[in-house]
Amino acid sequence: MKQKVSLVLSGGGARGIAHIGVIEELEKQGFEIHSIVGTSMGALVGGVYALGKIEEYKEWLYSLDRMKVFALVDFTLSSQGLVKGDKVLNKMKEFIPDANIEDLNIHYAAVAADIINKKEVVFQTGSVFEAIRASMAIPTVFTPVKTKNGLLVDGGIINNIPLNHAKREPGDLLVAVNVNADIPLEKPVVSKKKDKADQSAYQQKIKEFYQHLQEILPSNKEEKLGYFDVINKTIGMMAYHIGQTNLKNHPPDILIEISRDACTTYNFYKAKEMVEIGRHAADKSIMKANHLTQ
């Protein structure tokens, strides 16, 4: 009989792609994931896995170069956010059909934050994609999701490693994946030939991107950190400390850590590298846990 696992996936932008490698390694080593709960990117990967489409999602990510990632950014002039975030999810729906959470074969939950009612919102019913969209709405970057009486943003601001929402079964293992760990980066060797080939075109697109931001955001010549840098570092610090508290209050049986230096929040074109980093981290943590129990 396979060892059952209740899996908790943290948010962390593109670093969350490492969750795919973790899931693949868990399955490779004979574990059975019966429950999965995630925040932000963790909610996305967890939702796709619960829909039974993790392989299709991975292959799609692998096909994304820097230019394709940029093409999926749907800018808006809304004062609530610069990106609507619908374009990428609509693209995913072309090869990953939506479903209601309550109809999935495994338990799934996604965490978002209601900034109007100042509370945590946990999706356990309704559309998987709607849950994902709310959970990954990074404040001021992605437009929030309006509800009848609230406004939902990225769950990372309130519960980035939602261990307290893990559904347990007798004899299962609680496994948490933290992609914001303050640990040295263990980086696998990846070919950089293609990366160099599209560098020039990408740099031009990035230049246009920042020119667009400068048109709608106030500038400050004395500012050493850019607008997105400040947002990312602020939210990242908040999520890190909340996550550490959750890990202390709800210690998992196995903790799989990915260095927060593995990549930046929006480096989605590094999918292959992040999957391998996740796979390596999972194998290392499982070996450590097995050694401690022997």
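Here are a few friendly notes on a helix contact and a group of aromatic rings in this predicted model.

1. Start with the two helices. Two packed helices are described by the angle between their axes and by the distance between those axes. Here, helix α1 covers residues 18-28 and helix α10 covers residues 271-293. Their axes lie 6 Å apart and meet at an angle of about 45°, which makes α1 oblique to α10. The crossing of α1 past α10 is right-handed.

2. Which residues make this contact? From α1 come Ala 18, Ile 20, Gly 21, Val 22, Glu 24, Glu 25 and Leu 26. From α10 come Met 274, Val 275, Gly 278, Arg 279, Ala 282, Asp 283 and Ile 286. Sorted by character, the residues of the contact are eight nonpolar, two polar and four charged. Try picking out the four charged ones in your viewer.

3. Glu 24 deserves a look of its own. This residue sits in helix α1. Is Glu 24 buried or exposed? Its relative accessible area is 17%, and the cut-off for buried is under 20%, so Glu 24 counts as buried. Leaving aside residues up to four places away in sequence, Glu 24 touches Glu 55, Lys 58, Val 275 and Arg 279. Val 275 and Arg 279 also appear among the α10 residues of the helix contact.

4. Now turn to the aromatic rings. The structure holds two aromatic pairs. In one of them, the ring centres of Tyr 57 and Trp 60 are 6.1 Å apart and the ring planes stand at 35°, so this pair is tilted. Both residues belong to helix α3 (residues 54-62), where being three residues apart separates them by about one helical turn. Tyr 57 is buried at 2% relative accessible area, and Trp 60 is buried too, at 12%.

5. Trp 60 also pairs with Phe 95. Their ring centres are 5.6 Å apart and their planes are at 50°, so this pair is tilted as well. What parts does the pair tie together? Trp 60 lies in helix α3, while Phe 95 lies in the loop between α5 (86-93) and β4 (107-114), so the pair ties together parts that are 35 residues apart in sequence. Phe 95 has 24% relative accessibility and therefore counts as partly exposed.

6. To put the rings together: ring pairs link Tyr 57, Trp 60 and Phe 95 into a cluster. Trp 60 takes part in the pair with Tyr 57 and in the pair with Phe 95.

Definitions and conventions: Residues are numbered from 1 along each chain as its sequence is written. This is a predicted model: local features need pLDDT of at least 70, side-chain atom pairs count only at pLDDT 80 or more; totals for chains, interfaces and linings use all residues. Side-chain values use heavy atoms; hydrogens and water are left out. Axes are lines fitted to C-alpha atoms, for helices over the stretch in contact, and angles run from 0 to 180 degrees between N-to-C directions. Helices (H or I, at least four residues) and strands (E, at least two) are DSSP runs, numbered from the N terminus. Angles under 35 degrees count as roughly parallel, over 145 as roughly antiparallel, 65 to 115 as roughly perpendicular and the rest as oblique. A crossing is left-handed if the near helix is turned anticlockwise from the far one by less than a right angle, and right-handed if clockwise. Contact means heavy atoms within 4.5 Å. Ala, Val, Leu, Ile, Met, Phe, Trp, Tyr, Cys and Pro count as nonpolar, Asp, Glu, Lys and Arg as charged, and the others, Gly among them, as polar. Buried means under 20% relative accessible area, exposed over 50%, partly exposed in between (1.4 Å probe, protein chains only). Rings of Phe, Tyr and Trp (its six-membered ring) pair if their centres lie within 6.5 Å; planes under 30 degrees apart count as stacked, over 60 as edge-to-face and the rest as tilted.
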